[in-house]
Amino acid sequence: MKKFFGFLFMATLSLSAQADQFFVGGRDFYDLMEQYNQVCTDICKKPFYHTVVYRDGQTSALLTNNDLTALKKIMIQQSNIWADTILEGDYHAEGNTRLDEVVAIFKSAKLVGYKITYSERAWDIGSCDYDYEDESEDKFAGCTEGRISERSFVNTDFKTYFRDDNAMAEFFD
């Protein structure tokens with residue numbers, strides 16, 4: 001019965017999050033990241049700690065090229081949901097998602113996951129006289145330009161990942 005409720009919980013999370021993916025042990029990873037979020041902001045409290053392993057194209061030795069490739073694939077999958085969320089409103093995005101930062105999360109001395117931040121160039125089309133029929137290069141003239149940014153947690157197996165409830169897709173100018 002416990003397994004059934006665990007499955008039901010994961011199915012509910014998957015349906016509500018849509019782009020998120022849970023695999024075997026996904027609930028445990030979700031719970032672990034909730035614990036991490038409670039004790040870590042800029043500075044962590046034991047037993048958790050974190051370190052930046054990728055920022056602005058610079059990769060730490062703690063992150064392999066294969067890991068980086070896997071994280072970029074997940075980033076694309078996660079940002080695809082924006083078409084049904086933030087882009088339904090007053091924003092238009094360029095569509096080239098950029099990996100901004102990867103933070104390795106440790107519990108004691110064990111790597112337990114990653115927190116990835118990704119973004120796309122975007123415009124607030126509610127801030128200007130945007131013409132949906134205009135196909136010219138300057139169709140965003142007068143619109144506030146910025147980025148849509150979001151964070152996700154990724155398990156070390158790269159099979160379970162979900163958006164950070166504290167950093168869902170948001171437009172920043």
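**Exercise 1. Describe how the bonded cysteines of the chain are paired, and characterise each link.**

Solution. Numbering the bonded cysteines in sequence order gives the pairing 1-2, 3-4. The model is a predicted one, in which local features need pLDDT of at least 70 and side-chain atom pairs count only at pLDDT 80 or more, while totals for chains, interfaces and linings use all residues. Residues are numbered from 1 along each chain as its sequence is written, and side-chain values use heavy atoms, with hydrogens and water left out.

Step 1. The structure holds two disulfides, a disulfide being a pair of cysteine sulfur atoms within 2.5 Å.

Step 2. One of them is formed by Cys40 and Cys44, whose sulfur atoms are 2.1 Å apart. The link of Cys40 and Cys44 is right-handed, with 125° about the S-S bond. Both Cys40 and Cys44 are buried; buried means under 20% relative accessible area, exposed over 50%, and partly exposed in between (1.4 Å probe, protein chains only).

Step 3. Cys128 is joined to Cys143 by a disulfide with an S to S distance of 1.9 Å. This pair links distant parts of the chain, 15 residues apart, with Cys128 and Cys143 each in the loop between β5 and β6. The link of Cys128 and Cys143 is right-handed, with 55° about the S-S bond. Cys143 has a relative accessible area of 11% and is therefore buried.

**Exercise 2. State the order of helices and strands, and summarise burial, contacts and surface for the chain.**

Solution. Step 1. The chain has three helices and eight strands. Helices (H or I, at least four residues) and strands (E, at least two) are DSSP runs, numbered from the N terminus. Along the sequence their pattern reads α-α-β-β-α-β-β-β-β-β-β.

Step 2. The chain has 173 residues, of which 43% count as buried.

Step 3. Contact means heavy atoms within 4.5 Å. Of the contacts between residues at least 6 apart in sequence, 63% join residues at least 24 apart.

Step 4. The chain exposes about 10300 Å², and carbon and sulfur atoms supply 49% of that area. Accessible areas come from the Shrake-Rupley method with a 1.4 Å probe; for residues, only the protein chains shown count as cover.

**Exercise 3. Locate Thr97 and describe its surroundings. Is Thr97 buried or exposed?**

Solution. Step 1. Thr97 is found in the loop between β3 (91-93) and β4 (98-107).

Step 2. The relative accessibility of Thr97 is 17%, so Thr97 counts as buried.

Step 3. Leaving aside neighbours within four places in sequence, Thr97 is in contact with Met75, Ile76, Ser79, Tyr118, Ser119 and Glu120.

Step 4. Two of these residues also appear in polar contacts: the side chain of Thr97 meets the side chain of Ser79 at 3.1 Å and the side chain of Glu120 at 2.6 Å. A polar contact is a pair of N or O atoms within 3.5 Å; within protein, one must be able to donate a hydrogen and the other to accept it, and residues adjacent in sequence count only if both atoms are side-chain atoms.

**Exercise 4. How many salt bridges does the structure hold? Examine three of them.**

Solution. Step 1. The structure holds five salt bridges. A salt bridge is a side-chain nitrogen of Lys or Arg within 4 Å of a carboxyl oxygen of Asp or Glu. Side chains of opposite charge can pair when their charged atoms come close.

Step 2. Arg121 forms a salt bridge with Glu94, with the closest N and O atoms 3.4 Å apart. Because Arg121 lies in strand β5 (residues 110-124) and Glu94 in the loop between β3 and β4, the pair ties together parts that are 27 residues apart in sequence. Arg121 is partly exposed at a relative accessible area of 32%, and Glu94 is partly exposed at 37%.

Step 3. Asp100 forms a salt bridge with Arg98, the closest N and O atoms being 2.5 Å apart. Asp100 counts as buried at 14% relative accessibility, whereas Arg98 is partly exposed at 42%.

Step 4. The side chains of Asp164 and Arg151 meet in a salt bridge of 2.9 Å, N to O. Asp164 lies in the loop between β7 (161-163) and β8 (170-172) and Arg151 in strand β6 (residues 144-155), so this pair ties together parts that are 13 residues apart in sequence. Asp164 counts as buried at 0% relative accessibility, and Arg151 counts as partly exposed at 25%.

Step 5. Salt bridges that share partners join Glu94, Arg121 and Glu145 into one network.
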